[in-house]
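Q: Please take a close look at one part of this model. I would like the local picture, then its setting in the chain.

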Amino acid sequence: MKENGWDLAVQDTTNLNRVLEALSDAVRACSAELDDATRSGNIDWADTVTDDMCGIVEDLIGVAFVACQTHITAILSHAMRLHKRAQSSNPNPTDGKKASLLAFGSPVVSPSQFTRVQVIDAFANFFKHHTEWRGNWQA
């Protein structure tokens, strides 16, 4: 990776893809376990397994968001450094801060005003911190 060009901001996604594939395999295993419990005909057992598997799948999805956020943060860190290097000689489409970099160049998730990268970052923060936050999450 070059230290002086945009190559610095490009991250290899191999590790991220491997993590996400492992999480996908775990979700599929939960689905198979749920299918087995449903086919058993024991409604109480199926309900118990459903509750357990839903909790596990929610955690796996949360971990997937955090893995993506880690990848995004690495790219942002490099982009911020590149922004500082180029600031004196080139006009930049961002102010070099995390918020504007998260918004730059990523498609907006309709009907919201937020980009895909902003949504991933927000979901990861929710997963990591929702037990710390107070308030009515039903609203």
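Why does Asp52 count as partly exposed?

A: Asp52 counts as partly exposed because its relative accessibility is 43%. Partly exposed lies between buried, under 20% relative accessible area, and exposed, over 50% (1.4 Å probe, protein chains only). The model is predicted: local features need pLDDT of at least 70, side-chain atom pairs count only at pLDDT 80 or more, and totals for chains, interfaces and linings use all residues. Numbering starts from 1 along each chain as its sequence is written, and side-chain values use heavy atoms, without hydrogens and water.

Asp52 lies in helix H2. Helices are DSSP runs (H or I, at least four residues), and strands are E runs of at least two, numbered from the N terminus. On the surface, Asp52 joins Glu33, Asp44, Asp47 and Asp51 in a patch of negative charge. Patch residues have over 30% relative accessible area and no salt bridge, with like charges joined within 9 Å. A salt bridge puts a side-chain nitrogen of Lys or Arg within 4 Å of a carboxyl oxygen of Asp or Glu. Asp and Glu count as negative; a charge is placed at CG of Asp or CD of Glu. Helix H2 (residues 43-86) gives the most to this patch, with 4 residues.

Now the setting. The protein chain has 4 helices and 0 strands, in the pattern α-α-α-α. Buried residues make up 24% of its 139 residues. The protein chain exposes about 9800 Å², and carbon and sulfur atoms supply 57% of that. Accessible areas come from the Shrake-Rupley method with a 1.4 Å probe.

Conventions:
Patches are made of residues with over 30% relative accessible area and no salt bridge: like charges are joined within 9 Å, nonpolar side chains (Val, Leu, Ile, Met, Phe, Trp, Tyr) within 5 Å.
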